[in-house]
Amino acid sequence: TFERGTTNVLVSIRRNPKYCEEVKCSFTIKVIPNPPSFNSCPTPMTVYTEGECGKNVYYEAGAPESSLSYSFSGATSGSGTGNGSGSFFNVGITSVVVTATNSDGTSQCKFDITVVDETKPNAICKSPTIELGANGTATITASDIDNASNDACGISSVSIDKTSFNCSNLGENTVVLTVTDNNSNVATCDATVTVVDKIVPTAVCKNITVSLVGSSATITAADIDGGSTDNCGVAELIAGKTSFTCADLGENTVTLTVKDASGNSSTCDAIVTVKDETKPTAICKNASINLVNGTATLTAADID
């Protein structure tokens, strides 16, 4: 058995022992180490995720009559025995080194595995109902319509295309939610935001005096409105009584109803004082009377 390296060998052959004749032969034996050789080593690989933030990747990397070990660095880190095929690789670039070892030394197989995430996030919307405030406005954030959107690699941001609403937006409004994952994949969904106004108007009345014309008088709701207001504007004024006659002379309580466009309403009471300022029409007739015992009596009816 010869060790690794170069060994000089001298062989002597004695031809005639009586005369000590010898023939000598010298030569050199060189033992060269035979480290393991890989029969397969992958080229750089690119794979795509399928529902997970990474992927189990299989490959062939081996050398006969040797022991194997592996190490990962970069997006995925780890080490162990064997070649590491079938391991779970994270999104990004992982450098793989497979080392084969035998009694004559070691050899390495090196390559990169790139895992790409092209899967869009799962955008999930919910449709809320929001109420306008006293100033006739309301605001929302993306979290108000995000209904647990998700992604295997995590959500980077959520945003919406409309955040502010006012009286012109009463009813249903379509709002788009945009979901971006940590690898810049984007998905959207539509939410229906229903805007409602539940604030009642502020009814303000004023007292008025009206005079009969002939035997009647009329008023409108605006005549007894003292500046009623609403966050989305007053849509309708209704007076509980608008016509008056001689039977209503004096003070009359009239209810004013104030409504907005959403059907909210409130009331207040006004005092409507009815006056008769028309002079009567005096019509006279001539009369003849006879004295009795030198006197006579005349009544107003006799000449009316």
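In the predicted model, residues 24 or more positions apart account for 55% of the contacts in the chain with a separation of 6 or more. The secondary structure comprises two helices and 21 strands. The overall dimensions of the chain were examined next. The C-alpha trace spans about 220 × 20 × 20 Å along its principal axes. The radius of gyration of the chain is 53 Å, whereas a compact globule of 304 residues would have a value near 19 Å.

With respect to solvent exposure, 30% of the 304 residues of the chain count as buried. The exposed area of the chain amounts to about 18,300 Å², and carbon and sulfur atoms supply 48% of this area. Among the charged side chains, 18 are positive and 32 are negative. The centres of the positive and negative sets lie 17 Å apart.

Residue T94 illustrates a buried position within a strand. T94 is found in strand β8, which covers residues 92-102. Its relative accessibility is 0%, and T94 therefore counts as buried, the limit for that class being under 20%. The side chain of T94 forms a polar contact of 3.0 Å with the side chain of T76. When residues up to four places away in sequence are not counted, T94 touches F72, S73, A75 and T76, together with F89, F111, D112 and I113. T76 thus appears both as the polar partner of T94 and in the list of residues that T94 touches.

Backbone geometry was considered at two loop positions. Most residues other than glycine have a negative phi. A148, although not a glycine, has a positive phi of about 70°. A148 is found in the loop between α1 (142-145) and β12 (155-160). Because its relative accessibility is 55%, A148 counts as exposed, the class being defined by a value over 50%.

A positive phi, of about 60°, is also found at N293, which is not a glycine. This residue is located in the loop between β21 (265-275) and α2 (300-303). N293 counts as exposed because its relative accessibility is 80%. A148 and N293 are thus both exposed loop residues with a positive phi, whereas T94 is a buried residue of strand β8.

Key:
Residues numbered from 1 in each chain as written. Heavy atoms only, no water. Helix = DSSP H or I, 4+ residues; strand = E, 2+ residues; numbered from the N terminus. Rg over C-alpha atoms; globule rule 2.2 N^0.38 Å. Buried < 20%, exposed > 50% of the residue type's maximum accessible area, 1.4 Å probe, protein only. Contact = heavy atoms within 4.5 Å. Areas by Shrake-Rupley, 256 points an atom, 1.4 Å probe, with all protein chains shown as cover. Lys, Arg positive; Asp, Glu negative; His and termini not counted. Charge placed at Lys NZ, Arg CZ, Asp CG, Glu CD. Polar contact = N/O pair within 3.5 Å; in protein donor to acceptor, adjacent residues only side chain to side chain.
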